[in-house]
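Work through the exercises below with the model open beside you. Try each task before you read its solution.

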Amino acid sequence: MNKILGLSEGFHDAGATLIQNSKILSATHAERISRVKNDRWLHHSQIAEADTTAFYEKDWLKRTRQIYARQPYAKPRIKTDVSFYHHQSHAAAGFYTSKFDECNILVVDAIGEWDTISIWKAWVEKGPLGKKRPHMKKIKSFKYPYSIGLFYSAITKYIGLKPMEDEYITMGMAGYGDPTDSLLMENILKNVNCHKGLPDLPELRHISKENMAASAQSVIERELTKLVLNHCPSRNLVMMGGVALNCVANSKIAGLGKNIWIMPNPGDCGSSLGAAALAYGKKLKWIDPYLGTDIKNDIKIKEVVKHLIDHSYCGIANGRSEFGPRALGNRSLIADPRRDIKDTINQVKRRQRFRPFGPAILEEYADEYFKGPMNEYMQFVAKAKHDYKSVTHVDGTSRVQIVKPDCKSVIRPILEEWYEKTGCPMLLNTSLNIKGQPMVDTWEDALAFQKEYNVKVF
Ligand SMILES: [Fe+2]
């Protein structure tokens with residue numbers, strides 16, 4: 001059988017990944033099943049039968065930091081055969097799914113056990129009979145309380161958003177401000193323990209939310225750039241940890257001329273995959289992130305496109321759900337980007353009005369409409385070369401999902417048909433959920449969504 005189950009739980013966004021040899025059989029988020037946003041505990045249905053179980057961090061070591069930091073202790077409920085270090089699991093989730101034979105790995109998150117940033121050198125050693133063995137060696141680390149992730153979460157909290165959840169909104173807000181106070185922010189990052197939020201400094205009170213977000217964003221971009229320039233000589237770079245979801249910072253690093261791989265679920269949930277990979281000891285076959293609950297329904301592409309032409313938007317719930325926070329066409333809300341639709345979709349999703357949306361575009365036309373880094377997983381921002389405002393952020397950029405001809409998601413045939421009917425090769429694409437709720441997972445969830453929010457779901 002040779003099945004290995006990797007697990008992560010106890011902090012936020014618990015996850016489980018089941019592999020068999022180099023194949024990823026399934027990878028799931030607890031929240032999508034329990035319907036509790038960022039559920040920290042695994043759902044019993046995720047505990048599949050396996051020969052080996054692996055945990056994503058060292059509980060005893062985390063405990064020492066929690067005692068030091070006077071934090072409450074949440075003992076994992078699950079017992080596993082083996083466990084790995086928190087940043088080691090992050091690093092492996094990236095490297096073991098990458099195509100690189102040699103690279104650096106940059107892990108930046110809020111906090112694991114003690115490490116908050118770690119940098120690795122990684123390579124594949126070819127053994128006898130052509131067997132390949134991946135190796136990772138930690139070459140540099142920064143420890144609690146210095147933490148880019150905790151700092152960014154503290155900023156998120158200070159501007160009235162939810163820390164450990166709304167950081168991407170802070171990043172979006174940064175586009176509306178100027179980095180007027182980046183020196184002060186740098187000082188806070190370097191000298192203040194941000195674990196419980198920002199200190200109550202009088203000089204913080206006069207800064208607008210937008211400028212604070214912009215200042216914090218510029219500081220983390222600068223720090224990440226420094227880490228890459230000083231410690232990551234390889235042209236190949238794997239980035240992991242929750243901070244690797246910051247697509248604006250990712251684009252700055254791509255601008256340094258690096259080939260970048262970020263496994264689409266770089267946070268702690270994705271580390272369940274890292275733990276499974278480490279227990280297996282060889283690289284995995286990465287195909288795509290459609291690894292969750294399967295919805296098999298007879299979707300009629302022409303009907304979907306007709307609905308889009310007549311009503312501007314609809315939901316799609318088809319195939320296996322995405323592993324990672326981005327909906328990439330299997331649990332998506334899609335809309336006609338040519339129309340002034342941003343406010344409508346934000347209203348449907350109960351989101352703040354300023355929030356931008358990203359487009360999904362046929363790969364063949366991506367360069368015609370965007371300039372800059374982009375890939376299949378919405379991990380970078382590119383400059384828009386068109387004037388579809390609903391998929392363009394205030395700074396003129398978009399978080400683009402490129403849809404290749406071999407993409408297994410139903411979004412590909414929908415885009416093809418949409419292009420044929422309208423001459424427009426892209427659709428607005430956002431996750432099929434309401435703000436603060438987990439993404440639709442099953443067909444029952446999809447029907448409930450359709451009924452409650454009056455959005456046709458195909
Ligand atoms: Fe982490």
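Four donors around a metal count as tetrahedral if all angles lie between 85 and 135 degrees. They count as square planar if opposite donors are over 155 degrees apart and all others between 65 and 115; anything else is irregular. Keep in mind that this is a predicted model.

**Exercise 1. The iron site**

Task: Find the protein donors of the iron ion and classify their arrangement.

Solution:
- Step 1. List the donors. They are H86 (NE2), H90 (NE2), D109 (OD) and D268 (OD). They lie 2.2 Å from the iron ion.
- Step 2. Check the angles. The four donor atoms subtend 85 to 176 degrees around the iron ion, which makes the arrangement irregular.
- Step 3. Read the spacing in sequence. The pattern is H-x3-H-x18-D-x158-D.
- Step 4. Place two donors. H86 lies in helix α3 (residues 86-95), and D109 in the loop between β6 (102-108) and β7 (115-126), so the pair ties together parts that are 23 residues apart in sequence.
- Step 5. Check exposure. Both H86 and D109 are buried.

**Exercise 2. Aromatic pairs**

Task: How many aromatic pairs does a search of the whole structure find? Then describe the pair F55 and Y56, and the pair W286 and Y377.

Solution:
- Step 1. Count. The search gives twelve aromatic pairs.
- Step 2. Take F55 and Y56. Their centres are 5.2 Å apart, with 80 degrees between the planes. Planes over 60 degrees apart count as edge-to-face, and this pair is edge-to-face.
- Step 3. Check exposure. F55 has a relative accessible area of 4% and is buried. Y56, at 1%, is buried too.
- Step 4. Take W286 and Y377. The ring centres are 6.5 Å apart and the planes stand at 85 degrees, so this pair is edge-to-face.
- Step 5. Locate the two rings. W286 is in the loop between α9 (271-280) and β11 (290-295), and Y377 is in the loop between β16 (370-371) and β17 (381-384), so the pair ties together parts 91 residues apart in sequence. Both W286 and Y377 are buried.

**Exercise 3. A cluster and a charge**

Task: Which residues form one aromatic cluster with Y144, and which residue lies over the face of Y144?

Solution:
- Step 1. Y68 and W114 join Y144 in one aromatic cluster.
- Step 2. R65 lies over the face of Y144, 5.9 Å from the ring centre.

**Exercise 4. Cavities**

Task: What is the volume of the largest cavity, and which residues are closest to its centre?

Solution:
- Step 1. The whole structure holds five cavities of 30 Å³ or more.
- Step 2. The largest has a volume of about 80 Å³.
- Step 3. Of its 13 lining residues, L245, R326, Y377, M378 and Q379 are the closest to the centre.

Technical notes
Residues numbered from 1 in each chain as written. Predicted model: local features only at pLDDT ≥ 70, side-chain atom pairs only at ≥ 80, totals over all residues. Heavy atoms only, no water. Donors = N, O, S within 2.8 Å, 3.2 Å for Na, K, Ca; no water. Tetrahedral: all angles 85-135°; square planar, octahedral: opposite > 155°, others 65-115°. Helix = DSSP H or I, 4+ residues; strand = E, 2+ residues; numbered from the N terminus. Buried < 20%, exposed > 50% of the residue type's maximum accessible area, 1.4 Å probe, protein only. Phe/Tyr/Trp six-rings, centres within 6.5 Å; stacked < 30°, edge-to-face > 60°. Lys NZ or Arg CZ within 6 Å of the ring centre and 35° of its normal. 1 Å grid on protein atoms, 1.4 Å probe; cavity = no way out; pocket = protein on both sides within 12 Å on 5 of 7 lines; lining within 4 Å. Points joined across faces, edges and corners; volume = space filled by probe spheres on them.
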